[in-house]
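Here is a short set of exercises to work through with the model open beside you. Try each task on your own before reading its solution.

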Amino acid sequence: MTTAPTLATRLKRLPGQLLLALINATALLVIVACVLVIVVLNRVDQAGERIAATVTEAALSKLEMTPAALKERLQSVDGKVAELVDQLETAGSRDDRALTLQVAELNRTLNDLKAAAQNLGSAGPDITEAAFRQAGETLTETILSVRGCTAMQTDETPRS
């Protein structure tokens, strides 16, 4: 026959049981914290993608040319510079008028590229505004989802 543990026996086991309960609670808190970190990192990643898309769109709208056109222009400038270097090396034996026309054309192309770069630089405030707006929306969505609510959808049609 086993006898019931006495009060003294229970009190002796109490610190060990308390330590075990604290370890279990800490393990549960670590697991919850890891899950929350994963959720937050996912939200930050999604927000980063949306911000990058907005920034790219704003930059391209300020550039006033397509990326393919910009690439083509830069390649043509590179080719013209190489051609001018060749002609300058043999400038003594050639007509200077053709060389002057090519330099003028290169200057026009460079001025166009400079204007495009200045337009791209002026996109800074628009990009900052878009980034803050996107960050605010993401923060609001996260807070509402943690609270257990969903964001209210506005109806564009007027009610009668």
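**Exercise 1: the overall layout**

Task: Describe the pattern that the protein chain follows along its sequence, and count its helices and strands.

Solution. Step one: reading along the sequence of this predicted model, you should find the pattern α-α-α-α in the protein chain. Step two: the count that goes with it is four helices and zero strands. Step three: turn to contacts between residues at least 6 apart in sequence, of which 70% join residues at least 24 apart.

**Exercise 2: how far to trust the model**

Task: Find the average pLDDT of the protein chain, then look at what happens over residues 156-160.

Solution. Step one: the average pLDDT is 76, and 83% of the residues score at least 70. Step two: over residues 156-160, pLDDT stays under 50. Step three: check the contacts of that stretch; beyond four places in sequence, the model has zero for residues 156-160.

**Exercise 3: surface and burial**

Task: State what percentage of the 160 residues is buried, and how much accessible surface the protein chain has.

Solution. Step one: buried residues account for 11% of the 160 in the protein chain. Step two: the accessible surface is about 12900 Å², and carbon and sulfur atoms hold 64% of that.

**Exercise 4: the largest nonpolar core**

Task: List the residues of the largest nonpolar core and say which helix supplies the largest share.

Solution. Step one: this core has five residues, namely V77, L84, L99, L106 and L113. Step two: α2 (67-89) and α3 (96-121) each supply at least two of them. Step three: α3 gives the largest share, three residues. Step four: pick out L84 and leave aside residues up to four places away in sequence; L84 then touches L99, Q102, V103 and L106. As background, nonpolar side chains tend to be buried together in soluble globular proteins.

**Exercise 5: a nonpolar patch on the surface**

Task: Name the residues of the nonpolar surface patch and classify V35 as buried, partly exposed or exposed.

Solution. Step one: the patch is formed by L28, I31, V35 and V39, which together have about 360 Å² of accessible area. Step two: V35 sits in helix α1 (residues 7-63). Step three: V35 has 46% relative accessibility, so it counts as partly exposed.

**Exercise 6: two pairs in space**

Task: Give the C-alpha separation of K62 and Q118 and that of E83 and L99.

Solution. Step one: K62 lies in helix α1 and, at 27% relative accessibility, is partly exposed. Step two: K62 and Q118 are 56 residues apart in sequence, with 8.9 Å between their C-alpha atoms. Step three: E83 belongs to helix α2 and is partly exposed because its relative accessibility is 38%. Step four: E83 and L99 are 16 residues apart along the chain, and 9.9 Å separates their C-alpha atoms.

Conventions: Residues numbered from 1 in each chain as written. Predicted model: local features only at pLDDT ≥ 70, side-chain atom pairs only at ≥ 80, totals over all residues. Heavy atoms only, no water. Core = buried A, V, L, I, M, F, W, Y, C linked by side-chain atoms within 4.5 Å. Buried < 20%, exposed > 50% of the residue type's maximum accessible area, 1.4 Å probe, protein only. Helix = DSSP H or I, 4+ residues; strand = E, 2+ residues; numbered from the N terminus. Contact = heavy atoms within 4.5 Å. Areas by Shrake-Rupley, 256 points an atom, 1.4 Å probe, with all protein chains shown as cover. Patch = residues over 30% accessible without salt bridge, like charges linked within 9 Å, V, L, I, M, F, W, Y side chains within 5 Å. Salt bridge = Lys/Arg side-chain N within 4 Å of Asp/Glu carboxyl O. pLDDT = per-residue confidence, 0-100.
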